[in-house]
Amino acid sequence: MVPAAGRGERLGPGAPKALRELGGVPLLVHAVRALARSRAVGLVVVAAPPEGVAEVTALLDSHGLDGKDVRVVAGGATRQESVRLGLAAIPQDVEIVLVHDAARPLVPVEVVDAVAAAVRAGAEAVVPAVPLADTVKRVEPQAAGAPEPVLDTPDRATLRAVQTPQGFRRRTLHEVHAKALAEESGGAAGGALPPVTDDAGLVERFGGQVFVVPGHEEAFKVTRPLDLVLAEAVLARRRASDGF
């Protein structure tokens, strides 16, 4: 599943982030191809902006996608809602679901395979991740531009930068999204809960166990203009070496 209903405004004005081009091809197409290359993937569901379903369908139809079944559904106002709507479009007999960011166009197929294999081996939730190269400081947030007091320095050896695709038992993913929706509808006891930025975070919130498998440095997220420059360089290198 690829939730791609957001605008991704940090890349600047223009088309939604998922439709920005990398090497002449939209990021979304690269992301869908990355999933479709895996033999573990039989179906790709894309959650598109509700007003853009026809456009995204035509876009994907115009690019060869290895003969895989690709379906486009209307996403929601948030990533969480888009995943929930995309999940509803997946046939009930599918037991393992991968959720992949449209903004990670260059994830290698071996990462996709490793995530799927770990779920197949028994894990209920799996994320690919890489060690951090930088020292990390936990701070007390201040107004924009103001100095921020450091609270502590976590041990870098225990930290990982999480990527996608993230893999789940379908039952687990359905349950945590249903619980999150119930919280939104009824209001969480004790005030608002902290935001969750990925599906693995929902599994953690509701008591599930998440496992990490090795990610890859080329599975970075294209969020800012400089990321797009780096992605172009990686793609050019791939095309020069193996006709990617």
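A residue counts as buried when its relative accessible area is under 20%, and by that cut-off helix α1 of this predicted model is mostly covered, with 9 of its 10 residues buried.

**View 1. Helix α1 is mostly covered.** The buried residues of α1 are L27, L28, V29, H30, A31, V32, A34, L35 and A36. Two of these residues, L28 and V32, are also among those with the most contacts inside the largest nonpolar core. When neighbours within four places in sequence are left aside, V32 is in contact with V2, V44, V46, L60, L65 and V70. A31, another of the buried residues of this helix, is among the residues in contact with R104, whose surroundings are the subject of a later view.

**View 2. Strand β4 lies between two parallel partners, β1 and β5.** Of the 6 residues in β4, which spans residues 43-48, 5 are buried, so the strand is largely enclosed by the rest of the structure. Strand β1, made up of residues 2-3, pairs with β4 in the parallel sense over 2 bridges, and P3 stands opposite A47 of β4. Strand β5, residues 69-74, also runs parallel to β4 and is joined to it by 6 bridges; in this pairing L43 stands opposite D69.

**View 3. The largest nonpolar core of the model holds 31 residues.** The residues with the most contacts inside this core are V2, L28, V32, V46 and L60. Helix α1 (27-36), strand β4, helix α2 (53-61) and helix α4 (109-120) each supply at least two of the core residues, and α4 gives the most, with 6. Apart from this core lies another, of 19 residues, which include V45, I90, V97 and V203. In soluble globular proteins, nonpolar side chains tend to be buried together.

**View 4. A salt bridge on strand β5 joins D69 and R71.** The nitrogen-to-oxygen distance between these two side chains is 2.9 Å, and the pair is one of 7 salt bridges in the structure. Because its relative accessibility is 32%, D69 counts as partly exposed; R71 falls in that class as well, because its relative accessibility is 34%. D69 is also the residue that stands opposite L43 in the pairing with β4.

**View 5. The salt bridge between R79 and D199 links distant parts of the chain.** The closest N and O atoms of R79 and D199 are 2.8 Å apart. R79 belongs to helix α3, residues 79-88, whereas D199 belongs to helix α6, and the two residues are 120 residues apart. The partners also differ in their exposure, since R79 is partly exposed, with a relative accessible area of 27%, while D199 is buried at 2% relative accessibility. Salt bridges that share partners join R79, D101, R104 and D199 into one network.

**View 6. R104 is buried and sits in the loop between β6 (96-99) and α4.** The relative accessible area of R104 is 10%, and R104 therefore counts as buried. R104 forms a salt bridge with D101, in which the closest N and O atoms are 3.0 Å apart, and both partners are buried. A polar atom of the R104 side chain also lies 2.9 Å from the backbone oxygen of A219. With neighbours within four places in sequence left aside, R104 is in contact with A31, V162, Q163, T164, A219, F220 and K221. For scale, the C-alpha atoms of R104 and H174, which are 70 residues apart along the chain, are separated by 23 Å.

**View 7. D198 is buried yet has no salt bridge.** D198 lies in the loop between α5 (170-186) and α6 (199-205). The nearest side chain of opposite charge is that of R79, 6.8 Å away, and a salt bridge requires a side-chain nitrogen of Lys or Arg within 4 Å of a carboxyl oxygen of Asp or Glu, so this pair does not qualify. Which side chain makes a polar contact with the side chain of D198? The partner is Q166, at 2.8 Å. A polar atom of the D198 side chain also has the backbone nitrogen of G201 2.8 Å away. Leaving aside neighbours within four places in sequence, D198 is in contact with R79, V162 and Q166; of these, R79 forms a salt bridge with D199.

Key
Residues numbered from 1 in each chain as written. Predicted model: local features only at pLDDT ≥ 70, side-chain atom pairs only at ≥ 80, totals over all residues. Heavy atoms only, no water. Buried < 20%, exposed > 50% of the residue type's maximum accessible area, 1.4 Å probe, protein only. Helix = DSSP H or I, 4+ residues; strand = E, 2+ residues; numbered from the N terminus. Pairing = 2+ DSSP bridges. Core = buried A, V, L, I, M, F, W, Y, C linked by side-chain atoms within 4.5 Å. Contact = heavy atoms within 4.5 Å. Lys, Arg positive; Asp, Glu negative; His and termini not counted. Polar contact = N/O pair within 3.5 Å; in protein donor to acceptor, adjacent residues only side chain to side chain.
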